[in-house]
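The exercises below are meant for a reader who is meeting this structure for the first time. Each one sets a task and then works through it step by step.

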Amino acid sequence: MSLPRIAIDAMGGDEGVRVMIDGAALARHRHDRFQFLLVGDETRIRKALEAHPNLAAASEILHAPDTIAGDEKPSRAIRRAKTTSMGLAINAVKEGKAGAAVSAGNTGALMAMSKLALRTMPGIDRPALSALLPTLGEHDVVMLDLGANTECDARNLVQFAVMGAAYFRIATGVDEPRVRLLNIGTEETKGTDDLQDAATRLKEAAGDLSISFDGYVEADKINRGEVDVIVSDGFSGNIALKAVEGAARFVTDLLRRAFTSSLRSKFGFLVSKPATELLKHSLDPNNHNGAVFLGLNGVVVKSHGSANAKGVANAVALTARLLENDLTARIEADLERLGEGDWRKGGQR
């Protein structure tokens, strides 16, 4: 049985068609139930498909004459939604021609067009950008919001927690994720009024939501593996994410410099190569590729613009897993368990 088709914005990303098609082909090779709607310049897509007959047999091409530039303003991108590969991929989800969309293009444009075309789910005020980050634990950690909403009130944070927990269950199979709010300290008195109000509500609802909630987590614990879902406003979350990514690059560059500084260090590198390969695998963003716009009436996944074919394939596989496990239905069910309409649909108590 095939899954609903996945619409691929074949023109997005730093390298465009080649990497997106190679990634989709790799995903199809790993999972032969995947079906695709490839959106973009038809001539270039058909040329890229010549090397991937297995993907060609499972795909339909939707020609799009235009593309969204990496620095294009979301307001302009929205006006060009009907002619661009990104806009047509999202519209395919809206019209039921695809179950989900994947793009490696402009993040702001993708969010703006997705929100306008698909709208937010009932009970969700704002969609959130979430991603899986590597940890020292058994599973990656889900973190949201990573930049979609610079300011969030307590109700938004509670809704993010519900969505993040649903996402984590699908990604890992863990039934009762450990959820925390990102804060400047773990004491109950730390943080803004909105953080404290959200913490109070999540403590009250933890049993109904099948989550473990014990307050706050600080940024230095993001990758420790002690938490499964980290909830934040988009401003703080994006800063924390960039700090984590920067630290990972710093460690990688520092090790590279250390291992090439002398003949002895080069020999040390050969001895420690298995350990450094494990570190490289853990820090490689392609192994954790795929940020999800949670809270929309449809699944939209953002692949990193610099992702290689393996990274794109991982983003596609994540998209398929969210489709197969009906992410939106799970979030809806958890919102119903949350109850108290004031928190789901309107002002705080």
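**Exercise 1.** In which loop does Ser 210 lie? State also what marks its backbone, and do the same for Asp 326.

*Solution.* Bear in mind throughout that the model is predicted. Following the chain, one finds Ser 210 in the loop that runs between helix 8 (193-209) and strand 8. Its phi is positive, about 55°, although Ser 210 is not a glycine. The next step concerns accessibility: the value for Ser 210 is 34%, and since partly exposed residues lie between the limits of 20% and 50%, Ser 210 counts as partly exposed. Turning to Asp 326, one finds this residue in the loop between helix 12 (309-324) and helix 13, with a positive phi near 50°, again in a residue other than glycine. Asp 326 has a relative accessibility of 40%, and therefore counts as partly exposed.

**Exercise 2.** Describe the order of the strands in the open sheet, and explain why strand 3 and strand 8 each have one side without a neighbour.

*Solution.* Begin with the whole chain, whose secondary structure comes to 14 helices and 11 strands. The open sheet has 11 strands in the order 3-2-1-4-11-10-5-6-9-7-8, and their pairing is mixed. Strand 3 (59-63) and strand 8 (212-217) stand at the edges, where each has a single partner strand, so one side of each remains without a neighbour in the sheet. On average, neighbouring strands are turned by 25° against each other, with direction ignored. As an example of pairing, take strand 1 (residues 6-9) and strand 4 (residues 100-103), which run in the parallel sense over three bridges, with Ile 6 opposite Ala 100 in strand 4. Helix 6 (residues 107-118) packs on this sheet, where it touches strand 4, strand 5 (128-133), strand 10 (291-294) and strand 11 (299-302). The direction of helix 6 makes about 175° with that of strand 11.

**Exercise 3.** Decide whether helix 5 is largely enclosed or largely open, and identify what covers its buried residues.

*Solution.* Count first: eight of the 10 residues of helix 5 (residues 85-94) are buried, so the helix is largely enclosed by the rest of the structure. The buried residues are Ser 85, Met 86, Gly 87, Leu 88, Ala 89, Ile 90, Ala 92 and Val 93. Their cover includes strand 1, strand 2 (36-40), strand 3, strand 4 and helix 6. Just after helix 5 comes Gly 96, which takes a positive phi of about 80°.

**Exercise 4.** Classify the crossing of helix 7 with helix 13, and work out what kinds of residue make the contact.

*Solution.* The axes of helix 7 (residues 154-172) and helix 13 (residues 327-338) come within 9 Å and cross at roughly 135°, which means that helix 7 is oblique to helix 13. The crossing is right-handed. On the side of helix 7 the contact is made by Val 158, Val 162, Met 163, Ala 166, Tyr 167, Arg 169 and Ile 170, while helix 13 contributes Leu 327, Arg 330, Ile 331, Asp 334, Leu 335 and Leu 338. Sorted by kind, the residues of this contact are 10 nonpolar, no polar and three charged.

Methods. Residues numbered from 1 in each chain as written. Predicted model: local features only at pLDDT ≥ 70, side-chain atom pairs only at ≥ 80, totals over all residues. Heavy atoms only, no water. Pairing = 2+ DSSP bridges. Helix = DSSP H or I, 4+ residues; strand = E, 2+ residues; numbered from the N terminus. Axes fitted to C-alpha atoms, helices over the stretch in contact; angles between N-to-C directions. Contact = heavy atoms within 4.5 Å. Parallel < 35°, antiparallel > 145°, perpendicular 65-115°, else oblique. Left-handed = near helix turned anticlockwise from the far one by under 90°. Nonpolar A, V, L, I, M, F, W, Y, C, P; charged D, E, K, R; others polar. Buried < 20%, exposed > 50% of the residue type's maximum accessible area, 1.4 Å probe, protein only.
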